[in-house]
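The exercises below ask you to read a model step by step, with the sequence and the coordinates side by side. Please try each task before turning to its solution.

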Amino acid sequence: MRLANDAIIRERHPIPTVEKVLYEMNGSSLFTKLDLKWGFHQIELEESSREITTFVTHAGLFRYKRLMFGISSAPETYQHIIQQVIAGCEGAHNISHDEEQHNTRLLKYWTVSLKQV
């Protein structure tokens, strides 16, 4: 992806440091882990951006339709999208201190999110 990375104009979205996340979680006792392992592949590339991801194989030319590892701007773009997704979830940056409040916030957020889909 070297040539693709040369063509990409990066948007700067800072990724939070571990220190910042730990500071925001200070005093929290309940946590929810959302597994976003393959999250990059959930983000579609715009049609105009797909051409720079073209690669050659023995079967011909192919191009990616979704964000993939190896693109220099992928981590910060992905981080920005995740921040936008959880922005409406109260307590997402400062995790709840008691189980009832934690569960209420989580259910409220996911119920609203699923209605929008």
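**Exercise 1. The nonpolar core**

Which residues make up the largest nonpolar core?

Solution. The model is a predicted one, and its largest nonpolar core has ten residues, namely Ala4, Ile8, Phe40, Ile43, Leu45, Leu67, Met68, Ile71, Ala74 and Tyr78. As a next step, take one member and list its partners: when neighbours within four places in sequence are left aside, isoleucine 8 is in contact with Ile52, Ile71 and Ser73. As general background, nonpolar side chains in soluble globular proteins tend to be buried together. For the chain as a whole, buried residues make up 21% of the 117 residues, while the accessible surface comes to about 9200 Å², with 57% of that area belonging to carbon and sulfur atoms.

**Exercise 2. Phenylalanine 40 and its neighbours in the loop**

Determine whether phenylalanine 40 is buried or exposed, and describe which residues it touches.

Solution. Begin with the location: phenylalanine 40 sits in the loop between helix 2 and helix 3. Its relative accessibility is 9%, and because the cut-off for burial is under 20%, phenylalanine 40 counts as buried. Then look for partners beyond four places in sequence, and you find that phenylalanine 40 touches Leu67, Met68, Phe69, Ala74, Pro75 and Tyr78. The C-alpha atom of phenylalanine 40 is separated by 7.5 Å from that of arginine 66, which is 26 residues away along the chain.

Now turn to the residues on either side. Glycine 39, in the loop between helix 2 (18-25) and helix 3 (47-50), is buried with a relative accessible area of 9%, and its C-alpha atom is 9.3 Å from that of isoleucine 82, although 43 residues separate the two in sequence. Histidine 41 lies in the loop between helix 2 and helix 3, but is partly exposed at 30%; its contacts, with residues up to four places away set aside, are Arg66, Leu67 and Phe69. Between histidine 41 and leucine 67, 26 residues apart in sequence, the C-alpha distance is 5.5 Å.

**Exercise 3. Aromatic pairs**

How many aromatic pairs are there, and which residues do the ring pairs link into a cluster?

Solution. The count comes to two aromatic pairs. In one of them, phenylalanine 55 and tyrosine 64 have ring centres 5.2 Å apart and planes at 40°, so the pair is tilted, since this class holds planes that are neither under 30 degrees nor over 60 apart. Ring pairs link Phe55, Phe62 and Tyr64 into a cluster. As for accessibility, phenylalanine 55 is partly exposed at 29%, and tyrosine 64 is likewise partly exposed, at 34%.

**Exercise 4. Helix 4 and the chain as a whole**

What span should helix 4 have at 1.5 Å a residue, and in what order do the elements of the chain run?

Solution. Helix 4 (residues 74-86) has 13 residues and should span 18 Å, which agrees with the 18 Å between its end C-alpha atoms. The buried residues of this helix are Ala74, Glu76, Tyr78 and Gln79. The chain has five helices and two strands, which from the N terminus run α-α-α-β-β-α-α.

Finally, consider confidence before reading any of this in detail. The mean pLDDT of the chain is 77, with 82% of its residues reaching 70 or more; confidence is lowest in helix 5 (residues 99-116), at a mean of 70, and highest in strand 2 (residues 60-62), at 94. Where pLDDT is low, the predicted coordinates should not be read in detail.

Notes: Residues are numbered from 1 along each chain as its sequence is written. This is a predicted model: local features need pLDDT of at least 70, side-chain atom pairs count only at pLDDT 80 or more; totals for chains, interfaces and linings use all residues. Side-chain values use heavy atoms; hydrogens and water are left out. A nonpolar core is a set of buried Ala, Val, Leu, Ile, Met, Phe, Trp, Tyr and Cys residues joined through side-chain atoms within 4.5 Å. Buried means under 20% relative accessible area, exposed over 50%, partly exposed in between (1.4 Å probe, protein chains only). Contact means heavy atoms within 4.5 Å. Rings of Phe, Tyr and Trp (its six-membered ring) pair if their centres lie within 6.5 Å; planes under 30 degrees apart count as stacked, over 60 as edge-to-face and the rest as tilted. pLDDT is the predictor's confidence in each residue, from 0 to 100. Helices (H or I, at least four residues) and strands (E, at least two) are DSSP runs, numbered from the N terminus. Accessible areas come from the Shrake-Rupley method with a 1.4 Å probe; for residues, only the protein chains shown count as cover. The expected span of a helix is 1.5 Å times one less than its number of residues.
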